[in-house]
Structure formats: structure tokens, C-alpha cells
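Student: Please walk me through this model. I would like short questions and reasoned answers.

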Amino acid sequence: MFAAERRQLILEMVRANGAVSLRELARVVQTSEVTVRRDVRALEAEGLLDRRHGGAVLPGGFTRESGFPQKSHLATAEKTAIADLAAGLVQEGEAVVVGAGTTTQELARRLARVPGLTVVTNSLLVAQALAHANRVEVVMTGGTLRGSNYALVGSGAEQSLQGLRVSRAFLSGSGLTAERGLSTSNMLSASVDRALVQAAAEVVVLADHGKLGTDTMFQTVPTDVITRLVTDEPPAHDERAAAELQALADQGVEIAVAGESAAAAEQPRRPRREMPLPGPRRQVSGSAPMRGAAVLGNEQSSADRTRVADLRRR
């Protein structure tokens with residue numbers, strides 16, 4: 001298939017579905033994701049579509065937001081890996097808040113296995129994922145239903161969160177930068193997310209690499225309030241995402257990368273300089289360290305254990 005034919009087919013798929021993942025585009029046009037990414041960039045340069053979250057969407061600037069059906073097909077493998085890693089943060093008997101989003105929905109499916117857990121959420125999808133979980137209590141906020149992402153928003157949702165205090169908030173969004181932090185393209189969603197943050201001692205952001213370096217209209221969580229970022233490993237050619245990760249680490253955000261190589265996991269990303277912790281949310285008494293890939297030095301590597309054993313024999 002010639003490049004012009006590929007790009008026409010890509011454009012038709014995006015127009016028909018609103019958003020399509022790079023993986024799906026590559027499967028349909030029968031070429032590599034690298035080639036599809038190049039085609040998407042060319043179409044974006046012509047103003048025919050936008051690149052978003054590991055895929056392509058119809059153009060629309062800061063104010064446009066894809067609905068749940070489109071988002072659910074984007075970066076699915078990455079969201080699964082992120083949810084697996086983030087679930088390791090949560091301990092039996094904890095109380096947490098979980099915001100709306102397709103990545104947090106994946107997290108909720110894993111939290112269903114944590115006994116004694118209390119989950120406060122404004123997301124119908126999160127609540128549905130936990131509805132039949134044994135020994136997991138689900139507390140829904142009030143509010144007005146926003147159909148595009150099945151979330152409760154508005155003053156009712158925000159007022160129901162007043163006076164609440166939990167150990168952690170798990171949030172997603174439309175974009176994440178070191179300069180502005182987490183952002184979203186809807187004002188009502190942003191307002192509720194800010195109320196969720198106020199209820200938590202720690203803030204954990206779940207964002208796949210496609211959101212790194214993307215800035216959208218409404219700020220939800222400033223960078224200095226984010227305790228941890230759980231993300232996936234950016235492709236080797238994605239210099240923007242890698243630079244954004246380092247910039248976030250420089251500002252004191254702990255980075256956990258799902259699917260990172262073993263060699264990289266032995267030397268997790270840390271700030272280049274010592275940064276003062278910006279507030280009480282940085283430290284939580286009794287909070288457990290994150291488990292999984294690239295967990296900020298919680299476990300010795302096998303190479304480290306071998307060196308220690310050699311020293312003992314000497």
C-alpha cells in the first residue's frame with residue numbers, strides 16, 4: 001500500500017471512530033507502528049487529525065475530549081501494565097479515592113481483590129468494577145452524571161467530599177507536564193478531581209507515556225502536589241516523554257515505570273538534585289512502598305545479592 005493510500009485509510013478510520021490506537025491502525029493498514037506513527041504525524045501537520053495517548057483523534061485543540069468508547073480502545077496494554085503496578089500500593093483495610101477514567105477503571109478491577117478496602121469514587125465505571133467484590137466497600141459521591149465518561153460532577157460531588165480523609169488518591173487525566181502537572185479538557189471534571197485531591201494524604205497519578213508532555217485546558221493537580229507517577233516505559237524514539245519524566249523527577253515526583261527493563265529497574269529514575277518536599281502529602285505515616293517494576297530501590301537486584309554473598313565468603 002502506498003503512503004497516500006495508507007494515510008487516506010487512517011484518516012477514514014479516525015473520522016469514523018473519533019479515536020483509534022496506533023496498534024489498531026497498524027493492524028488495519030498492515031504495516032508497523034513506526035510507519036503508522038510517521039503517517040499520523042504527517043496528517044497532523046496538515047491539520048487533519050491530532051495525536052493523543054498512543055493513537056490518533058479528530059482535531060479539536062485543548063477543549064476537545066474523546067468519549068469513553070474512544071478512550072477505551074487507546075493504549076490498552078499500557079493501561080493494564082500501569083494498573084497492575086499501581087495496585088501494589090494499596091494495602092488491606094485502606095481507604096482510598098479513585099477518580100474517573102479508563103486507566104483508573106483498570107485499577108479498580110485489581111482492587112477488587114484487596115480485602116477490607118474502602119473506595120470512594122465519582123466514577124460509575126469504577127463502582128461497577130468493584131460492585132461484586134467481597135469485603136470491599138464502595139462509597140459514591142453525589143453529583144450530576146456526565147455521560148461522556150460516566151462520572152458524577154458538579155457541586156453535589158464536590159460537597160460530598162468535604163470533611164473526607166483517605167490515605168491516597170488515584171487520578172488520571174488528559175495530559176501531564178512538569179510545568180503544570182495533571183490537566184484535563186473539561187472544567188467540571190477538573191473541579192471534582194481537585195476535591196478528590198484535597199481528601200487524600202498522597203496523590204498518585206496514572207498516565208501512559210502518550211499523555212506525557214501533553215497540556216490540556218484545565219489544571220487538576222499541580223506538579224508539587226503529585227507524590228507518585230505510575231506510567232509505562234516510553235518507546236526509545238519518544239524523546240519528549242523521556243525528557244518529561246526526568247523533569248517530573250527533578251521536581252520531586254517519584255516515578256514508577258511498568259514494563260521497564262531489568263537493567264533500568266536497578267537504577268530507577270531519581271531527581272538530579274535534592275528538592276524540598278512541598279507539603280504534608282509527600283509523607284504518609286505507615287504507607288507501604290510501591291511494589292513492582294522500577295520501584296525506587298525497594299528491592300536488591302540479583303546482581304547486588306551475588307556481590308554481597310561474595311563479600312561474606314571473603
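The turns below cover salt bridges, a sheet, nonpolar cores and a helix pair in this predicted model.

Student: How many salt bridges does the model have?
Tutor: The model is predicted. A pair counts when a side-chain nitrogen of Lys or Arg lies within 4 Å of a carboxyl oxygen of Asp or Glu. By this rule, the count is 13 salt bridges.

Student: Is Glu106, in its salt bridge with Arg109, buried or exposed?
Tutor: The N to O distance of this salt bridge is 2.4 Å. Both residues sit in helix H6 (residues 102–111), three residues apart, about one turn of the helix. Arg109 is partly exposed, because its relative accessibility is 40%. Glu106 has a relative accessible area of 17%, under the 20% limit, so Glu106 is buried.

Student: Arg110 also forms a salt bridge with Glu106. What separates Arg110 and Glu106 along helix H6?
Tutor: The N to O distance in this salt bridge is 3.1 Å. Both Arg110 and Glu106 are buried. Arg110 and Glu106 are four residues apart in helix H6, so the separation is about one helical turn.

Student: Which residue forms a salt bridge with Arg228?
Tutor: Side chains of opposite charge can pair when their charged atoms come close, so a carboxylate is a candidate. The closest N and O atoms of the pair are 3.2 Å apart. The partner of Arg228 is Glu254.

Student: How many residues apart are Arg228 and Glu254?
Tutor: The pair links distant parts of the chain. Arg228 lies in strand S14 (residues 228–232), and Glu254 lies in strand S15 (residues 254–258). The two are 26 residues apart.

Student: Is Glu254 buried or partly exposed?
Tutor: Arg228 is buried, with a relative accessible area of 9%. Partly exposed runs between 20% and 50%. Glu254 has 30% relative accessibility, so Glu254 is partly exposed.

Student: Which residues are linked in a network of salt bridges with Arg228 and Glu254?
Tutor: The pair of Arg228 and Glu254 belongs to this network. The other residues linked there are Glu94, Arg168 and Glu202.

Student: Which are the edge strands of the open sheet with the order S1-S3-S2?
Tutor: This sheet has three strands with antiparallel pairing. An edge strand pairs on one side only. The edge strands are S1 (19–21) and S2 (50–52).

Student: What is the average twist from one strand to the next?
Tutor: S1 and strand S3 (residues 55–57) pair in the antiparallel sense over three bridges. Val20 stands opposite Ala56 in S3. From one strand to the next, the twist averages 30°.

Student: Which helix packs on the sheet?
Tutor: The helix touches S1 and S3. Its direction makes about 80° with that of S1. The helix is H2 (residues 22–29).

Student: How many residues does the largest nonpolar core have?
Tutor: Among the residues with the most contacts inside this core are Leu176, Val205 and Leu229. Strand S9 (166–171) and helix H10 (239–250) are among the elements that each supply at least two residues. A second, separate core has 25 residues, including Ala83 and Val230. The largest core has 31 residues.

Student: Why do H2 and H3 count as roughly perpendicular?
Tutor: H2 and helix H3 (residues 33–45) have axes 9 Å apart. Leu22 and Leu25 of H2 and Val36 and Val40 of H3 are among the contact residues. Angles of 65 to 115 degrees count as roughly perpendicular. H2 and H3 therefore qualify, because their packing angle is about 105°.

How values were computed: Residues numbered from 1 in each chain as written. Predicted model: local features only at pLDDT ≥ 70, side-chain atom pairs only at ≥ 80, totals over all residues. Heavy atoms only, no water. Buried < 20%, exposed > 50% of the residue type's maximum accessible area, 1.4 Å probe, protein only. Pairing = 2+ DSSP bridges. Axes fitted to C-alpha atoms, helices over the stretch in contact; angles between N-to-C directions. Contact = heavy atoms within 4.5 Å. Core = buried A, V, L, I, M, F, W, Y, C linked by side-chain atoms within 4.5 Å. Parallel < 35°, antiparallel > 145°, perpendicular 65-115°, else oblique.
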